[in-house]
Amino acid sequence: MKNRFNLIILVCLIILFSIFESCVNLNTSGDQAGLITGNASNITDSTAMLNASINPYFVPQVTMMAFDFGTTTSYGLSVDAYQSSTLNIGYISADLTGLTPSTTYHYRVKISATDSGSDQSFTTAEKGNKGIQFNTNLNYGTVTDMSGNIYKTIMIGTQTWMAENLRTSRFTDGTQMNLITDGPLWETSIEPAYCWYNNDIAIYKPIYGALYNWYAVNTGKLCPDGWRVPTDDDWTALTTSLGADDIAGVKLTEAGTAHWQMFTGASNDSGFTGLPGGSITDGLFYNIGWAGEWWTSSAAGSISAWDR
């Protein structure tokens, strides 16, 4: 897939041996509107994403979408929701920050003062836990970037890959990258740049890393010393070693629904632990929890490259 100004997530690779989408009246109850309070995701020691679904036919008429939450079923707090998927406008989410580690929280979706979904709960992780579900049966290494971020690494076949998405804000020569928070500017900039999904560093950096444009990738100075952005051939070698694309996806994806908004059937046998970090396209953020895309260093023209 060719990618131009947009994106995306980045992982780095080191080669060890050889190259590797009618109107309905909303005068109805929450149940009739198909309100379902879903499972929480992106749970760390201090953050979480609340998820829910609503019958898509009702969405155009809804004037409020929010979640009640708190440490008891009396809730006490509320947060506005947003549409979380371009694939189905009925999926909504909300981000929570400043939570207390090892604490149980209750929540429910609501579309009016009287219409709400059922109660659900989640428990935050222990202090210092990012909540990523690595394969505990495998041995991981580590690597540190110029910003001091530490990543797990995993050997797959004859290649060694990062098992976490890059989140550096500095090039390997120590130069600070441009942080762009304006969508239109992101689309028109020809300077190397990065951003955080929804411009929310607290929620998205620890788990999903940063989103980089092609100009940043093409500097060749993103990855830690001794590492590089993988080529399209490197990705092909990876998937081939795992049994071709249709099989490799299952083995490369984080297992469970801690971050994925649907059951993927993933096993994460490889330890790669692919996450649904979404993307930035036309200056807008899309599909967190639903899709993940990764850069390659293989150019497809003067201002574009291939992604996976």
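**Exercise 1. Which side chain does R228 join through a polar contact of 2.6 Å?**

Before solving, a word on the model. It is predicted, so local features need pLDDT of at least 70 and side-chain atom pairs count only at pLDDT 80 or more, while totals for chains, interfaces and linings use all residues. Residues are numbered from 1 along each chain as its sequence is written, and side-chain values use heavy atoms, with hydrogens and water left out.

Solution.
- Step 1: Locate R228 in the loop between α3 (214–217) and α4 (232–241). Helices (H or I, at least four residues) and strands (E, at least two) are DSSP runs, numbered from the N terminus.
- Step 2: Look for its partner. The side chain of D234 makes the polar contact with that of R228, at 2.6 Å. The term stands for a pair of N or O atoms within 3.5 Å; within protein, one must be able to donate a hydrogen and the other to accept it, and residues adjacent in sequence count only if both atoms are side-chain atoms.
- Step 3: Check exposure. With a relative accessible area of 30%, R228 is partly exposed. Here buried means under 20% relative accessible area, exposed over 50%, and partly exposed in between (1.4 Å probe, protein chains only).
- Step 4: Look along the chain. S297 is 69 residues apart from R228, yet 8.6 Å separates their C-alpha atoms.

**Exercise 2. Find out how far the confidence varies along the protein.**

Solution.
- Step 1: Start with the average, a pLDDT of 86, with 85% of the residues scoring at least 70. pLDDT is the predictor's confidence in each residue, from 0 to 100.
- Step 2: Compare elements. The lowest mean, 47, belongs to strand β2 (residues 13–15), and the highest, 98, to strand β14 (residues 178–179).
- Step 3: Mark the weak stretches. Residues 4–8 stay under 50, with 33 contacts beyond four places in sequence. Residues 14–32 are also below 50, and this stretch has 41 contacts beyond near neighbours in sequence. A contact means heavy atoms within 4.5 Å.

**Exercise 3. Describe the aromatic pairs and the charges over rings.**

Solution.
- Step 1: Count. The whole structure holds 15 aromatic pairs. Rings of Phe, Tyr and Trp (its six-membered ring) pair if their centres lie within 6.5 Å; planes under 30 degrees apart count as stacked, over 60 as edge-to-face and the rest as tilted.
- Step 2: Classify. F272 and W294 have ring centres 6.1 Å apart and planes at 70°, so they are edge-to-face.
- Step 3: Place this pair. F272 lies in the loop between α5 (245–252) and β17 (277–281), and W294 in the loop between β18 (284–288) and β19 (295–299), so the pair ties together parts 22 residues apart in sequence.
- Step 4: Check burial. F272 is buried at 4%, and W294 is buried at 10%.
- Step 5: Widen the view. Ring pairs link W161, W235, F272 and W294 into a cluster.
- Step 6: Add the charges. K152 has its charged end over the ring of F134, 5.3 Å from the centre, and K221 lies over the face of F171, at 5.3 Å from the ring centre. The criterion is NZ of Lys or CZ of Arg within 6 Å of the ring centre and within 35 degrees of the ring normal.

**Exercise 4. Examine the phi angles of N268 and N287.**

Solution.
- Step 1: Recall that most residues other than glycine have a negative phi.
- Step 2: N268 has a positive phi of about 55°. N268 lies in the loop between α5 and β17 and is buried at 2%.
- Step 3: N287 has a positive phi of about 65°. N287 sits in strand β18 and is buried at 15%.
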